[in-house]
Amino acid sequence: APPGPHTTKVSHRVAPRSPMPATLLLLLRGALGLGPPAGPVRLILDTDMGGGACQDVDDVAALCMTHALADRGEVELLAVVQDTAPPPCAGVISVINHYYGRDHVPIGAYKGQGLHHSYPPLSYVNDVVRAFPSPIRNNSQVRDAVKLYRRVLADAATRSVTISSVGLLTNLELLLRSAPDEHSQLRGVELVAEKVALLVVMAGRYPSSQRAECNACGCYNGADRASAATASAASSYVVKHMPRTVRMVFLGGEVGENVRTGEALESCATRDNPCRHAYMAYRRDSFWGWAPGGRSSWDPLATLVAIRGASAEREGLVECSDCSGINDVFNGRNTWRRGRASNQSYLVLERPDVAKAAVDALLCQPRAHRPAASPSPPAPPVTPLAPWSPPPPPRAMPWWMTEPPQTPPSLPPPPSPPSPPPLLAASPYVPDSVYFAAEVVLLALLLSAGVAWYYSRRGAAARAIVVQRFSGGKRPGSRPGGQRPHIMMLTDQPSRPSEPRPLEPRPSEPRARAEPAPPGPRPEI
């Protein structure tokens, strides 16, 4: 019946009362090809932004693309957190937020132990911070990422948050380990289980990686052994202890490296665009990894799937079918272990051209909001940056040159999740150099033993050489005069003169029988 004066009009969109109906609704819409429900996706972006062990420029594309989708009403950006240590990376995040008119989006940074920034970030990081205005210049002006995570999740509705992790998993590990605080009385694992619906992780290679992948191990570009151990332990912990109510989708390195984006910014964007500036500076100074079309698109593709979902027609990506199982991450490597259906899956690239077009179109989309004349809120005191000098090109550490492992920093005991998935325990970080060194030592021992055996046999043979001297005969025993060959053994003992031995008669001549002496008188002595 139509609503009367005493009736209340109720919206047809009713929030689910429990996680299970929401999950079934999402699965049903995906199966019918309807896509995600109406309304913007509430997103938290977790990025390394050009610094740390996995420094690259595609983090810029992920954040710029997210702002473009926010201008279209497809996403609400709740927060951006930095998961590495270099200070100016938070400044790049603030520059991009300010360019798109969203200074209100909070920024956090990793403030835990175990990560160091001895190796400088890529050159575009300091370049962008110096060339563009922003209220935040470095990570000393932002709050702890875990505190920001807990505050944003505590204020969110049940199972309404999506997280796109396109860097190290250090922030997420500390979030799962976090204790109750002023924002929520729930432990970290309980808070994530209640508030987070989807986690898209750019890490690993699928179905299995032969070598350690950067976001999973944090062991490239000059990373020290303590930082690598911290990053590797974080990836193993997050994959193992993520609540089963949170859906996890993995995008591997084999997907993003085949989609090149960003080169279009040179012609489609203006010079006051920090996204264009970052990509052009990367091509000018770093250049490694640049190819026709631009840079590989690991991070923007993962973020695009987190917002729009996987669709071959729209994003060129689909979730793997008939590959139920779990992702086992250890020592920076991952193995997809097939089994019964779980809360985990991984993405497969079907149409690279569609994926490239989707990302480039969003990067070239003009911004809808311009920032105010002065940054808002007012800029806090800025810590001066060190004089910039172009860093050397990033050095991808070969597997046989990584430093030996170091025990990660001690952390509080892990809380037990509500329903932990039956995954394998994470192994401590052991770089390939340890196994390679063991193989080298074993090979050296075997080689030394072989050399010793060879020379011992050769020495014995040399000491047993028989020097024969013949006097014109053909072979021993058939020489004129019945002479036998002189035999001399070569030994280590000093030679001594020997008495001459009488020659024996030849075997062919009969021996003369000795006649007894005739009896006679005994001589007197």
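# Exercises on a predicted protein chain

In the protein chain, 82% of the contacts (heavy atoms within 4.5 Å) with a separation of 6 or more are made by residues 24 or more positions apart. The model is a predicted one, in which local features need pLDDT of at least 70 and side-chain atom pairs count only at pLDDT 80 or more, while totals for chains, interfaces and linings use all residues. Residues are numbered from 1 along each chain as its sequence is written, and side-chain values use heavy atoms, with hydrogens and water left out.

## Exercise 1: the central sheet

Describe the order of the strands in the open sheet, and explain how strand β6 (residues 196-202) is placed in it.

Solution. Start with the elements: the protein chain has 15 helices and 13 strands, where helices (H or I, at least four residues) and strands (E, at least two) are DSSP runs numbered from the N terminus. Next, take the sheet itself, which is open, contains 9 strands in the order β4-β3-β2-β1-β5-β6-β7-β13-β10, and has mixed pairing; two strands pair if DSSP finds at least two bridges between them. Its edge strands are β4 (143-144) and β10 (317-319), each of which pairs on one side only.

Now look at the neighbours of β6. Strand β5 (residues 161-165) runs parallel to β6 and is joined to it by 5 bridges, with Ser165 opposite Val201. Strand β7 (residues 247-251) also pairs with β6 in the parallel sense, over 5 bridges, and here Val200 stands opposite Val249. One step further along, β7 pairs in the parallel sense with β13 (residues 344-349) over 3 bridges, where Val249 faces Ser345.

Finally, consider burial, which means under 20% relative accessible area, with exposed being over 50% and partly exposed in between (1.4 Å probe, protein chains only). Because 7 of the 7 residues of β6 are buried, the strand is largely enclosed by the rest of the structure.

## Exercise 2: the nonpolar cores

Find which residues touch the most other members of the largest nonpolar core, and trace the surroundings of Leu301.

Solution. A nonpolar core is a set of buried Ala, Val, Leu, Ile, Met, Phe, Trp, Tyr and Cys residues joined through side-chain atoms within 4.5 Å. The largest core has 66 residues, of which Met49, Val60, Leu63, Tyr124, Leu251 and Leu301 touch the most other members. Its largest share, 8 residues, comes from helix α2 (residues 58-71).

Turning to Leu301, and leaving aside residues up to four places away in sequence, we find that this residue touches Leu251, Val255, Gly256, Val259, Leu317, Ala355 and Val359. A second, separate core holds 36 residues, among them Tyr149, Leu169, Cys323 and Trp336.

## Exercise 3: unusual backbone positions

Locate the cis peptide bond, and then the positive phi values of Arg159 and Asn331.

Solution. Most residues other than glycine have a negative phi, and most peptide bonds are trans. The bond from Tyr206 to Pro207, however, is cis, with omega near 10°, and Pro207 lies in the loop between β6 and α8 (214-217).

Arg159 has a positive phi of about 50° although it is not a glycine; its place is the loop between α5 (145-155) and β5, and at 13% relative accessibility Arg159 counts as buried. Asn331 has a positive phi near 55° and sits in the loop between β11 (325-330) and β12 (333-338), where its 7% relative accessibility makes it buried.

## Exercise 4: salt bridges across the sequence

Explain which parts of the chain are tied together by the pair Asp71 and Arg102, and compare the burial of Arg314 and Glu74.

Solution. The structure holds 20 salt bridges, each being a side-chain nitrogen of Lys or Arg within 4 Å of a carboxyl oxygen of Asp or Glu. In one of them, the closest N and O atoms of Asp71 and Arg102 are 2.6 Å apart. Asp71 lies in helix α2 and Arg102 in the loop between α3 (89-99) and β3 (107-109), so the pair ties together parts that are 31 residues apart in sequence. Both Asp71 and Arg102 are buried.

For Arg314 and Glu74, the closest N and O atoms are 3.7 Å apart. This pair links distant parts of the chain, 240 residues apart, with Arg314 in the loop between α13 (298-308) and β10 and Glu74 in the loop between α2 and β2 (75-82). Arg314 is partly exposed, with a relative accessible area of 43%, whereas Glu74 is buried at 17%.
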